[in-house]
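Reader: Hi! Could you take me through this one at an easy pace? I'd like to start with how you name things.

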Amino acid sequence: MQRIVVLAGGTGGARFLRGLQQAAPEADVTVIGNTGDDIHLFGLKVCPDLDTVMYTLGGGIHEQQGWGRADETFAVKEELAAYGVGPEWFGLGDRDFATHIVRTQMISAGYPLSAVTEALCRRWQPGVRLLPMTDDRVETHVLIDTEEDGRRAVHFQEYWVRLRAGVPAHAVVPVGADKATPAPGVLEAIAEADVILFPPSNPVVSIGTILAVPGIREAIAEAGVPVVGLSPLIGGGPVHGMADKVLAAIGVESTAAAVAQHYGSGLLDGWLVDTVDADAVGAVEADGIRCRAVPLLMTGPGTTAAMAREALTLAGEVRAA
Ligand code: FO1
């Protein structure tokens with residue numbers, strides 16, 4: 001039974017996981033989920049990346065959006081707006097609210113986020129073990145310039161959802177990460193893994209945030225098993241989201257090679273780039289990271305399963321080297 005550990009963010013990571021399940025149905029998959037996107041709204045704790053993995057693998061996701069529930073209605077959101085209670089820019093649906101109510105109720109009763117996530121997954125049966133990176137509170141903030149207040153930090157969700165990442169990000173800060181400890185089971189899963197995968201999630205606000213929890217980066221670097229990543233950038237830009245904006249904030253070029261170099265050969269053993277970035281293979285290999293160009297556009301379950309198989313194949317070659 002191959003034990004695979006995947007560090008996942010939101011949409012990209014969740015879609016990749018669906019392909020991995022198809023490519024390796026017999027594998028034992030543990031997902032270490034990013035919680036830096038978490039936001040507290042209307043007295044509720046919302047965990048976008050954990051929910052996106054849970055809903056995607058559990059069959060409840062809004063497929064086109066890649067987040068939130070299918071068949072959603074927004075009566076509660078409309079009523080909140082009628083009371084003038086904001087923010088209106090974050091689209092929480094009625095079905096999704098139930099997840100946040102259950103989560104917040106359990107946390108208020110004293111359960112750690114990891115236990116809450118396990119309980120929510122009992123309903124959704126995602127087919128993977130979904131662990132939050134930490135049970136401690138971490139919330140990513142982005143430093144931007146505003147006319148009225150000069151330079152200030154906004155919550156990542158405001159930067160992404162309200163501002164559509166339309167202004168430059170000067171810094172990305174996973175607030176609380178430095179004091180956080182890995183959630184129960186995280187370090188054990190990494191130590192027992194046969195292979196560790198970095199799916200095409202955001203290298204800064206998703207995978208970067210998970211690696212910012214003290215102990216996780218070191219555990220992966222010392223695991224002694226192949227660590228293989230898949231570039232979230234194709235042809236110099238992200239397929240979804242705002243990876244280019246947050247990479248610029250940390251001074252990393254938006255190229256497949258630059259992201260591999262950013263993770264570094266101390267962490268990564270293998271890196272898949274898309275065929276349009278085949279010219280990057282040499283540079284990545286020169287950095288001591290095995291590299292291969294394969295189709296990385298997740299156009300459907302078939303292509304995603306093929307990507308996952310390529311990643312596992314590269315991991316096998318790294319192990320054999
Ligand atoms: N993304 C949007 O672009 N607009 C939204 O209104 C929105 C609401 C939302 C509600 C719940 C949730 O779990 C995710 C939601 N997202 C929305 C996506 C979210 O910003 C992303 O999933 C991650 O935070 C970035 O990977």
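Author: Gladly. Helices (H or I, at least four residues) and strands (E, at least two) are DSSP runs, numbered from the N terminus. With that naming, arginine 15 sits in helix H1. Residue numbers start from 1 along each chain as its sequence is written, and this is a predicted model, in which local features need pLDDT of at least 70 and side-chain atom pairs count only at pLDDT 80 or more. Totals for chains, interfaces and linings use all residues, while side-chain values use heavy atoms and leave out hydrogens and water.

Reader: Good. Is arginine 15 buried or exposed?

Author: Arginine 15 counts as buried, at 16% relative accessibility. Buried means under 20% relative accessible area, exposed over 50%, and partly exposed in between (1.4 Å probe, protein chains only).

Reader: And which side chain has a polar contact with arginine 15?

Author: That of histidine 240, with a polar contact of 3.1 Å joining the two side chains. A polar contact here is a pair of N or O atoms within 3.5 Å; within protein, one must be able to donate a hydrogen and the other to accept it, and residues adjacent in sequence count only if both atoms are side-chain atoms.

Reader: What about H1 as a whole, how many residues has it and what's its reach?

Author: H1 covers residues 11-23, so 13 residues, and spans 19 Å from its first C-alpha to its last, close to the 18 Å expected at 1.5 Å a residue. That expected span is 1.5 Å times one less than the number of residues. H1 is mostly covered, with 10 of its 13 residues buried. Among them are Phe16, Leu17 and Leu20.

Reader: Where is glycine 13, then?

Author: Glycine 13 is in H1 as well, and its relative accessible area is 0%, so it is buried. Its C-alpha is separated by 5.9 Å from that of proline 200, although the two are 187 residues apart along the chain.

Reader: Nice. Let's switch to the ligand: which residues come nearest?

Author: Asp37, Pro48, Gly91, Gln157 and Arg164 come nearest, out of 14 residues around the ligand. A residue is near a molecule or strand if one of its heavy atoms lies within 4 Å of it.

Reader: What's the mix by class in that shell?

Author: Eight are nonpolar, two polar and four charged. For this count, Ala, Val, Leu, Ile, Met, Phe, Trp, Tyr, Cys and Pro are nonpolar, Asp, Glu, Lys and Arg are charged, and the others, Gly among them, are polar.

Reader: Which helices each supply at least two residues of the shell?

Author: Helix H2 (48-58) and helix H6 (156-162). The largest share, four residues, comes from H6. As for H2, 10 of its 11 residues are buried, including Pro48 and Asp49. Just after H2, glycine 59 takes a positive phi of about 85°.

Reader: How far are the polar side-chain atoms from ligand oxygens?

Author: For aspartate 37, a polar side-chain atom lies 2.9 Å from an oxygen atom of the ligand. In arginine 164, a side-chain N or O atom is 2.9 Å from a ligand oxygen, and for aspartate 49 the distance is 3.5 Å. The protein covers 90% of the 520 Å² of accessible area that the ligand has on its own; such areas come from the Shrake-Rupley method with a 1.4 Å probe, and for residues only the protein chains shown count as cover.

Reader: Where is arginine 164 placed?

Author: In the loop between H6 and strand E8 (171-175). Arginine 164 is partly exposed, at 49% relative accessible area, and its phi is near 50°, a positive value in a residue other than glycine.

Reader: What about glutamine 125, where does that lie?

Author: Glutamine 125 lies in the loop between helix H5 (113-124) and strand E5 (129-132). Its phi is positive too, about 45°, and glutamine 125 is exposed, with a relative accessible area of 56%.

Reader: Which peptide bond is cis?

Author: The one from glycine 86 to proline 87, with omega near 0°. Proline 87 is in the loop between helix H3 (75-82) and helix H4 (94-108).

Reader: Last topic: how many disulfides?

Author: Zero, searching the whole structure, where a disulfide is a pair of cysteine sulfur atoms within 2.5 Å.

Reader: Why no bond for cysteine 47?

Author: Because the closest cysteine sulfur, in cysteine 121, is 11 Å from the sulfur of cysteine 47, too far for a bond. Cysteine 47 is buried, with a relative accessible area of 0%, and cysteine 291 is buried at 8%.
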